Amino acid sequence: MVKQLHDIPFSVLDLAPIREGGTAADSFHNTLDLARHAEEWGYHRYWLAEHHNMPGIASSATSLVIGHVAGGTKSIRVGSGGIMLSNHAPLVIAEQFGTLESLYPGRIDLGLGRAPGSDQAAARALRRGLGSDGSEFPEQLSELRAYFDANGAGGRPLGVRAVPGEGLNIPIWLLGSSGFSAQLAGQLGLPFAFASHFAPDYLLPALHLYRSSFKPSSVLDKPHVMIGLGITAADTVEEARRLATSQQQQFLNIIRGRTGKLQPPVDSLDGIWTPQEKSMLLSKQQYSIAGDPSLIKERLLEILEETAADEWIIASQIYDHSARLHSYKLVSELLQEK
């Protein structure tokens, strides 16, 4: 059967942006408000991402913010998109998510990435070895999964148990922006989420690698893929493109090696970016869409045909909170049209 847009679960990826002129407290207030609206509008999951040493992102203590959102909502699944496992002892993550699942049963997702989510100075402050290249991730993942195993199977240290955590069924997703996690997710029979909203060039090769290496498991009998999209929706294309300049300025800062808070939108980036920077930025936005509902629906149908996605997860870095809410509402409406 050919998939239709209304067949696909859709979710929120929230980077808990700290706006210029705002605070982390403002960000957490807006995050919970968005989550409550997302629950009402039919979003399936609400994920938060771990980043460190970034003045514009408030979700560094990701497990705490997940608890904040889960405690303020009723039914939407809440989780990490993702926890950067290299920054943590697997036992600590097992205990944290065991606690979350015990508090909010049947609603917690554990998405895992192997990137640091930080720079070298922050990695040093997190007590990580700077020589780490992510190659230890499979071993860490095996240890983490063993802590959840009620029978004590797997690679956890002798005599060490995760309490709470042991025996709990917490869905684990592997997240990636390259082929490493795609292949590992396939080999382990786990669901896979790809960060195409910032690594578009690797999306299709990673999906092929995941699906071709997939082995059925007790978790999944067939591959299951979530695609990350950047979407800015508004009533007109012009307004959406203007709102999207906040996200573009954020990307521009990354290109320039800077960090900062989420900036207000501008009418044009001409005079702000160089031709080279414009080319680099636009090349990273193949799976970012700014437009009115009809334009967004047309592009989503193209992406669906291209990727055969099983789920969408949508990041919308919009400066004005009311405009951000409106964007997510417009997207929910067009994704539920029949």
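**Close-up 1. Two tryptophans meet in this predicted model.** Let us start with a pair of indoles: Trp47 and Trp173 are both buried. Their ring centres lie 5.5 Å apart with the planes at 80°, so this pair counts as edge-to-face. Trp47 belongs to strand β2 (residues 45-48) and Trp173 to strand β5 (residues 172-176), so the pair ties together parts that are 126 residues apart in sequence.

**Close-up 2. Further aromatic pairs come together as a cluster.** The count of aromatic pairs comes to 6. If you would like to find the cluster, look for Phe192, Phe194, Tyr210 and Phe214, which are linked by ring pairs.

**Close-up 3. Helix α2 is largely enclosed by the rest of the structure.** Of the 10 residues of α2, 7 are buried; these are Thr62, Ser63, Val65, Ile66, Gly67, Val69 and Ala70. What do they pack against? The partners of these buried residues are α1 (24-41), β2, β3 (77-84), α3 and β4 (108-113).

**Close-up 4. Thr62 and Ser63 sit side by side in the numbering of helix α2.** Thr62 is part of α2, which covers residues 62-71, and its relative accessibility of 3% makes it count as buried. Beyond its neighbours within four places in sequence, Thr62 touches Leu48, Ala49, Glu50, Ser80 and Ile83. Ser63, also found in α2, is buried with a relative accessible area of 12%. Apart from its own neighbours within four places in sequence, Ser63 is in contact with Ile83, Gln96, Phe97 and Leu100. Ile83 is thus a contact of Thr62 and of Ser63 as well.

**Close-up 5. Gly111 in strand β4 is buried.** Here the relative accessibility is 0%, and Gly111 therefore counts as buried. Which residues does Gly111 contact, leaving aside its neighbours within four places in sequence? They are Ser80, Gly82, Ile83, Trp173 and Leu175. Trp173 may be familiar from the opening view, where its ring pairs with that of Trp47. Gly111 and Ala49 are 62 residues apart in sequence, yet their C-alpha atoms are 9.1 Å apart in space.

**Close-up 6. Helices α3 and α5 cross obliquely.** The axes of α3 (residues 90-103) and α5 (residues 137-148) come within 9 Å and cross at roughly 40°. The two helices are therefore oblique to each other, and their crossing is right-handed. On the α3 side, the contact is made by Pro90, Leu91, Ile93, Ala94, Phe97 and Gly98; facing them in α5 are Gln140, Glu143, Leu144, Tyr147 and Phe148. By class, this contact has 8 nonpolar, 2 polar and 1 charged residues. Phe97, one of the α3 residues that meet α5, is also a contact of Ser63.

**Close-up 7. Leu243 in helix α8 is buried.** Our last stop is α8, which covers residues 237-243 and holds Leu243. With 7% relative accessibility, Leu243 counts as buried. Setting aside its neighbours within four places in sequence, we find Leu243 in contact with Thr232, Ala234, Pro265, Gln317, Ile318 and Ala323. One of these contacts, Ala323, is 80 residues away from Leu243 in sequence, with 8.2 Å between their C-alpha atoms.

Note on methods. Residues are numbered from 1 along each chain as its sequence is written. This is a predicted model: local features need pLDDT of at least 70, side-chain atom pairs count only at pLDDT 80 or more; totals for chains, interfaces and linings use all residues. Side-chain values use heavy atoms; hydrogens and water are left out. Axes are lines fitted to C-alpha atoms, for helices over the stretch in contact, and angles run from 0 to 180 degrees between N-to-C directions. Helices (H or I, at least four residues) and strands (E, at least two) are DSSP runs, numbered from the N terminus. Angles under 35 degrees count as roughly parallel, over 145 as roughly antiparallel, 65 to 115 as roughly perpendicular and the rest as oblique. A crossing is left-handed if the near helix is turned anticlockwise from the far one by less than a right angle, and right-handed if clockwise. Contact means heavy atoms within 4.5 Å. Ala, Val, Leu, Ile, Met, Phe, Trp, Tyr, Cys and Pro count as nonpolar, Asp, Glu, Lys and Arg as charged, and the others, Gly among them, as polar. Buried means under 20% relative accessible area, exposed over 50%, partly exposed in between (1.4 Å probe, protein chains only). Rings of Phe, Tyr and Trp (its six-membered ring) pair if their centres lie within 6.5 Å; planes under 30 degrees apart count as stacked, over 60 as edge-to-face and the rest as tilted.
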